Amino acid sequence: MQITEHIASLSEEGRLLAAAAEQAGPGASVPTCPGWQIRHLLRHTGMVHRWAAAFITEGHTAYQPDGGEPDLDGAELLAWFREGHRHLIRSLEEAPADLECWTFLPAPSPLAFWSRRQLHETTVHRVDAESALGGPLTPVSADRAADGIDELLTGFHARPRSRVRSDRPRTLRVRAVDTAATWTVRISEDPPQAVRTAGEGSAEDVDCELSGTAEGLYLALWNRLPLTAVTLRGDRAVARLWTDNSAVT
């Protein structure tokens, strides 16, 4: 997706998150984040939005810690979240194409990185907010979900800090049936190595395959949907290896 599309989608996702949070109320439990209530979700996501915006607007070229979560609640917390989200959108819209600042995943540019990263950050947490309502989730398009799978498999879990490891080499295939995308993830004592291919992927045997819509896979790999939301073939222990160790912090 183009940067402008990422920013436009990020704008909409933030509005949906705030609307779901307002409807649920600050004390509502968030089933997809055990132990969290809506107030925790708003504080966390609002903090991340401000943290990201600071790199964009202040041009930090090295890591900077976040500013912490506020001691706010109720209507005041919701207003704080909305203001921070609007500030992030303005920061991205007004940033120069040749923006230079710190990033933590490979990307064509810092602006491309932050628009994409904050889109997926906010989408996943919008799902969290909507899950507190117990109703249907706002759909994620197949292209955007596939992009999110890419970021998770080839970005986040390619880093040394990934805890998805196995003493015995294992191979997981992820196949999105509504796109031309298949990922092969090799799990070993080192960080997972994921490769995306077109179509059905290679004919090699794998230990486990997860298949489904790109949206279903996106949310299942982010542990926002159970494995029963997708089709599993092969060794379930490989899929559990993912779900038990893949939380991003």
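A disulfide, for our purposes, is a pair of cysteine sulfur atoms within 2.5 Å, and with that criterion a search of the whole structure, which is a predicted model, finds zero disulfides. Two of the cysteines can be placed all the same: C33 has a relative accessible area of 11% and is therefore buried, since the cut-off is under 20%, and C208, at 0% relative accessibility, counts as buried as well.

Let me turn to the sheet. Five strands make up an open sheet with mixed pairing, and the order across it is β3-β2-β1-β4-β5. The two edges are taken by β3, residues 193–198, and β5, residues 231–234, and because each of them has a single partner strand, one side of each is left without a neighbour in the sheet. If direction is ignored, neighbouring strands in this sheet are turned against each other by 15° on average.

At the β3 edge we can be more specific. Strand β2, residues 181–187, pairs with β3 in the antiparallel sense over six bridges, and these two strands form a hairpin, with five residues between them. To give one point of register, T182 has T197 in β3 as its bridge partner. As a general reminder for reading side chains here, in a regular strand they alternate between the two faces of the sheet.

Helix α5, residues 142–155, lies across β1 (170–176), β2 and β3, and its direction makes an angle of about 15° with β2. One residue to pick out in this region is L153, which, if we set aside residues up to four places away in sequence, touches A158, V174, W183, V185, A194 and W242. L153 is also among the residues that touch the most other members of the largest nonpolar core, which has 53 residues; the others in that group are L92, W114, L172, W183, L210 and Y218. Apart from that core lies another, of 16 residues, and V30, C33, L41 and L72 are among its members.

Now the helices, beginning with α2, which covers residues 38–58. For its 21 residues, at 1.5 Å a residue, the expected span is 30 Å, and since the end C-alpha atoms are 30 Å apart, the two values agree. This helix is mostly covered, with 16 of its 21 residues buried, and just after it G59 takes a positive phi of about 65°.

I38 is found in α2, and at 0% relative accessibility it counts as buried. Leaving aside neighbours within four places in sequence, I38 is in contact with A21, A24, G25, P26, A28, V30, A129 and A132. By contrast with that list of contacts, a pair that is simply a distance: I38 and I89 are 51 residues apart in sequence, and their C-alpha atoms are 22 Å apart in space.

Helix α3, residues 74–94, can be checked in the same manner: its 21 residues should span 30 Å at 1.5 Å a residue, and the end C-alpha atoms are 31 Å apart, which agrees. The buried residues of α3 are L77, L78, W80, F81, G84, H85, L88, I89, S91 and L92. In reading that list it may help that an α-helix has 3.6 residues a turn, so residues three or four places apart point the same way. What covers the buried residues of α3 includes α1 (3–24), α2 and α4.

That brings us to α4, residues 110–131, where R117 has its place. Is R117 buried or exposed? At 4% relative accessibility, R117 counts as buried, and beyond residues up to four places away in sequence it touches F104, E151, F156 and W222.

Finally, two loop residues deserve a mention. V177 sits in the loop between β1 and β2, and, leaving aside neighbours within four places in sequence, it is in contact with S211, G212 and T213. V177 and L217 are 40 residues apart in sequence, whereas their C-alpha atoms are 9.9 Å apart in space.

N223 lies in the loop between α6 (214–221) and β5. The phi of N223 is near 60°, a positive value in a residue other than glycine, and at 29% relative accessibility N223 counts as partly exposed, because that value falls between the 20% and 50% limits.

Terms used. Residues are numbered from 1 along each chain as its sequence is written. This is a predicted model: local features need pLDDT of at least 70, side-chain atom pairs count only at pLDDT 80 or more; totals for chains, interfaces and linings use all residues. Side-chain values use heavy atoms; hydrogens and water are left out. Two strands pair if DSSP finds at least two bridges between them. Helices (H or I, at least four residues) and strands (E, at least two) are DSSP runs, numbered from the N terminus. Axes are lines fitted to C-alpha atoms, for helices over the stretch in contact, and angles run from 0 to 180 degrees between N-to-C directions. Contact means heavy atoms within 4.5 Å. Buried means under 20% relative accessible area, exposed over 50%, partly exposed in between (1.4 Å probe, protein chains only). The expected span of a helix is 1.5 Å times one less than its number of residues. A nonpolar core is a set of buried Ala, Val, Leu, Ile, Met, Phe, Trp, Tyr and Cys residues joined through side-chain atoms within 4.5 Å.
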